[in-house]
Amino acid sequence: MQPTVPFLFTDDHLAFQDATRHFLRKTFADSIADRAFSDEYPRYGLKQLGAVGLTGLAVPEEHGGQGADCICLGIACEEAGWADPSIAYLVFSANVGADLINRLALPAVRDAVLPGVLDGEQIVCAAITEPGCGSDVAAMRTKAERVEGGWRLTGEKTSVTQAVHADLAIVFALTDPAQRARGVSAFLVDLHDPTISRQRFTDPGLRSLGRGSITMDGTFVPDDHLLGEPGRGFHAVMHEFDLTRTLIAAMTLGTGQRAIDMAAAYS
C-alpha cells in the first residue's frame, strides 16, 4: 500500500489560499501598527472577515457557513498570521466560537445566535482559564447551581482574550463538583448581564483585543443555553483543544514567515 500523506493541498485549497492571502494582505497588512498600539477593538476588521466568509469556515452551508474543511481553516489562520496576529486571532476565535455553537447549541439558540457571529456583529470569547488553576479543567472552581428554568453561575474566569469586548462567552463550569472533570458543563452566556463584571488587563501582546477577567455573581443562564449535555463540557473542551492548538501553531507560522520575509527584504 502507498503511504497516506496528510495535508496535501488540492486545487481548491490552493485557490482558497491565493484568494485569502490576497484579501488579508491587501486589507490588513499595512495597518498592523495601528492595531498593535491601540486599545480600540477592531470590530470593523471582524465585520470585514465576516463579509467574505472567514468567520465560519467549518460551519455547514445550510447554517450560513462555508462548509469547508479544517485544512482551509488552517490556511486562513496562517495567512491571517502573516497579515496581522490580531486579525489572525479574530479568524481563530470566530471560527472556534461558531463551530462550538453550531455543534452544541439547541437549534433555536443556534439559529438566533449564529448569524450574528458569522456576520462579525457578535463577539464570542471562550472562558476557561481560572485564577490558581489556569486551564486545568479538572481543577475548575466556577460552579453552576441548578435552579428553576436554568442555572446560576458563580466564579471568576481570568486571562480571557476579548473579555472586555465580547458579547457572548462560552463558559465552562462545574455542574457536579463531586465528578470533577466529568462534572463540567458548557454554557452560552450573555456578557451584558448586570450580574457580570469585567476587568481589563494591561497586555503587551494583542493589545487591541482586550484580555481580562470575567466575574459571575449568580448569573442566570436558561436551560436552552446549555451547550451539549450536562457534564460533557470537559469532553467539548478537549475536542476543541485538538483543533485550537493546531490553529494557533498555523497563526504563529504565518507571523514567523512575515518576519523572515521582512528580514530578507531588508538584507
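The following exercises, each with a worked solution, concern a predicted model of a single chain.

Residues are numbered from 1 along the chain as its sequence is written, and side-chain values use heavy atoms, with hydrogens and water left out. Because the model is predicted, local features need pLDDT of at least 70 and side-chain atom pairs count only at pLDDT 80 or more, while totals for chains, interfaces and linings use all residues.

**Exercise 1. Overall dimensions**

Task: Compare the radius of gyration of the chain with the value for a compact globule of 267 residues.

Solution: The rule, taken over C-alpha atoms, is 2.2 Å times the number of residues to the power 0.38. For 267 residues this gives a radius near 18 Å, and the 19 Å of the chain agrees with that expectation. Along its principal axes, the C-alpha trace spans about 60 × 50 × 35 Å. Of the 267 residues, 49% count as buried, where buried means under 20% relative accessible area, exposed means over 50%, and partly exposed lies in between, with a 1.4 Å probe and protein chains only. The chain has seven helices and eight strands, these being DSSP runs (H or I with at least four residues for helices, E with at least two for strands) numbered from the N terminus.

**Exercise 2. The two sides of α1**

Task: Determine what span the 18 residues of α1 should have, and where the buried residues of α1 lie around its axis.

Solution: The expected span of a helix is 1.5 Å times one less than its number of residues. For α1 this rule gives 26 Å, and its end C-alpha atoms are 26 Å apart, which agrees. The buried residues of α1 are His13, Phe16, Gln17, Thr20, Phe23, Leu24 and Phe28. They cover an arc of only 145° around the axis, which puts them on the same side of α1; the arc is that of the directions from the helix axis to the C-beta atoms. An α-helix has 3.6 residues a turn, so residues three or four places apart point the same way. The face of α1 turned away from the buried side carries the exposed residues Asp11, Asp18, His22 and Lys26. Cover for the buried residues of α1 includes α2, α3 (43–51), α4 and α5.

**Exercise 3. The covering of α4**

Task: Establish how many of the 14 residues of α4 are buried, and what covers them.

Solution: Helix α4 comprises residues 70–83, which should span 20 Å, and its end C-alpha atoms are indeed 20 Å apart. Of its 14 residues, 12 are buried, among them Ile71, Leu73, Glu79 and Trp82. What covers the buried residues includes α1 (11–28), α2 (32–36), α5 (85–104) and α7 (233–266). At the N-terminal end, Asp69 caps α4, with a side-chain oxygen 3.2 Å from the backbone nitrogen of Ile71.

**Exercise 4. The surroundings of Leu118**

Task: Decide whether Leu118 is buried or exposed, and list its contacts beyond four places in sequence.

Solution: Leu118 belongs to helix α6 (residues 107–119) and is buried, with a relative accessible area of 7%. Taking contact as heavy atoms within 4.5 Å, and leaving aside neighbours within four places in sequence, Leu118 touches Gly50, Thr55, Gly56, Val59, His63, Gly64, Gly65 and Ala98.

**Exercise 5. Positive phi angles**

Task: Describe the settings of Ser159 and Gln162, neither of which is a glycine.

Solution: Ser159 has a positive phi of about 55°, lies in strand β3 (residues 150–160), and is partly exposed at 33% relative accessible area. Gln162 has a positive phi of about 75°, is found in the loop between β3 and β4 (168–174), and is buried at 1% relative accessible area.

Conventions. Polar contact = N/O pair within 3.5 Å; in protein donor to acceptor, adjacent residues only side chain to side chain.
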